[in-house]
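This briefing introduces a protein structure to a first-year reader. Please look at the sequence and the model before reading the notes that follow.

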Amino acid sequence: MQQMPNRIGKRPRVQPPADFVEREDGFYLYLDMPGVEKEKLILDIEDDKLSVQAKSNFGLVAGERVHSMEFGEVEYCARFEVSELVDKEKVSAKFENGVLTIYLPKRKEVPPKRIRIDVL
Amino acid sequence: MVINYGSFYDFPHLFDKLMNDLHDPQPTASRRATFPPLYISEDETNVFVRALVPGAAMEDIELIIEDNTLVIKGELKPIQGKYYQQERPTGSFQRLVKINVPIHKDGITATMKSGMLFVQLPKSTAMKPRTIHIQPR
C-alpha cells in the first residue's frame with residue numbers, strides 16, 4: 001500500500017474536541033489541536049463570538065511509504081458563544097503540548113446599588 | 001432440465017444470517033476506537049511512528065522497545081474544575097506497534113512537538129541487501 005501524503009489537496013475541516021470547565025476564577029476552554037504552530041493560530045473574539053482557526057503541520061513528507069494512516073493534515077475550526085458572565089477584555093490564551101487553553105475570567109459583579117429613600 | 005440457482009441461491013441463508021445478526025449485540029462504534037492515533041511510515045533507512053497525544057507532556061509518556069514491538073503508553077490527566085462539556089480523552093492509554101524489520105535499537109530517537117510524538121527507528125544495517133561479487137577462478 002503506497003500513499004502519498006501530499007496528494008491530499010484539500011484538508012478536511014475538523015472541530016477540535018473541547019473541554020469546558022468552571023473554576024473559582026472563571027471558565028476554561030481546552031481545545032485539542034495537535035500539530036499547530038502557536039504563531040499560526042488565529043483566535044478572534046468579536047462581540048460574543050469566539051472563533052479559533054489553525055492548520056496542522058505534522059511534517060508528513062512525501063517519499064515515505066505509509067503503512068498506517070490514522071490521522072492526516074487538517075484545518076481546525078471552532079466557534080463558541082461567550083457568555084455574558086465573561087469579562088471579554090481579560091480573555092487570555094496559551095498553547096501548550098498541542099492544547100489551546102482559553103481563559104475566560106468572570107466579570108466582576110457590580111454590587112447592587114441601594115437607593116435610599118428619604119422620608120419627607 | 002437445467003436448474004439455474006443463479007447468484008440468489010444463497011439468498012435465503014444470507015437473509016437469515018442478516019436477521020440473526022440484528023439480534024446479536026453490536027460493538028458500540030466509538031468516535032475514536034484507538035488512542036493515540038498513529039501514522040506509521042518508512043523510507044530506505046528508517047521506520048517512522050507518529051502519534052497524536054495532545055495534552056501529554058514529555059514525562060507523561062513512556063516508550064519501550066522490546067524485541068520488535070514499540071510500546072507507547074502514558075496517561076492523560078483530567079483537568080480540575082466543574083465540567084460542562086467533555087470531549088477530550090482522559091485516562092491511561094497504551095498502543096503496541098509491531099515493527100517487522102530489524103531495528104538498530106541504540107539509534108532510536110523520539111521527539112515531541114505540539115502534541116505529536118515522533119519516533120524514528122533506524123533500520124539495522126546488517127539487513128541491507130549487499131551485492132556479492134563473483135570472482136573469476
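How much area does chain A expose, and what percentage of it do carbon and sulfur atoms supply? Chain A exposes about 8200 Å², and carbon and sulfur atoms supply 50% of that area. The model described here is predicted. The points below treat the chain as a whole, then its open sheet, and finally the nonpolar cores.

**Overall make-up of chain A**

- Chain A contains nine strands and zero helices.
- Its pattern along the sequence is therefore written β-β-β-β-β-β-β-β-β, since helices and strands are numbered from the N terminus.
- Chain A has 120 residues, of which 38% count as buried.
- Among contacts in chain A with a separation of 6 or more, 54% are made by residues 24 or more positions apart.

**The open sheet**

- Four strands of chain A form an open sheet with mixed pairing, in the order β1-β7-β5-β4.
- The edge strands of this sheet are β1 (13–14) and β4 (42–46) of chain A, each of which pairs on one side only.
- At one edge, β1(A) runs parallel to β7(A) (residues 75–81), and two bridges join them. In this pair, V14(A) has Y76(A) as its bridge partner.
- Within the sheet, β5(A) and β7(A) are antiparallel and pair over seven bridges. Here S51(A) has R79(A) as its bridge partner.
- At the other edge, β4(A) pairs with β5(A) (residues 49–55) in the antiparallel sense, over five bridges. The bridge partner of I45(A) in β5(A) is L50(A).
- In a regular strand, side chains alternate between the two faces of the sheet.

**The nonpolar cores**

- The largest nonpolar core has 29 residues, and the members that touch the most others are L31(A), M33(A), V52(A), L100(A) and I102(A).
- Both chains contribute to this core: β3 (26–32), β5, β7 and β9 (99–105) of chain A each give two or more residues, as do β2 (46–52) and β8 (116–122) of chain B.
- Which residues does V52(A) touch, not counting those up to four places away in sequence? They include L31(A), M33(A), L100(A) and I102(A), which are also listed among the best-connected core members. V52(A) also touches L41(A), I42(A), L43(A), Y76(A), C77(A) and A78(A).
- A second, separate core has 19 residues, including F35(B), V47(B), V53(B) and I72(B).

Conventions:
Residues are numbered from 1 along each chain as its sequence is written. Chains are lettered from A and ligands numbered from 1 in the order in which they are written. This is a predicted model: local features need pLDDT of at least 70, side-chain atom pairs count only at pLDDT 80 or more; totals for chains, interfaces and linings use all residues. Side-chain values use heavy atoms; hydrogens and water are left out. Buried means under 20% relative accessible area, exposed over 50%, partly exposed in between (1.4 Å probe, protein chains only). Contact means heavy atoms within 4.5 Å. Accessible areas come from the Shrake-Rupley method with a 1.4 Å probe; for residues, only the protein chains shown count as cover. Two strands pair if DSSP finds at least two bridges between them. A nonpolar core is a set of buried Ala, Val, Leu, Ile, Met, Phe, Trp, Tyr and Cys residues joined through side-chain atoms within 4.5 Å.
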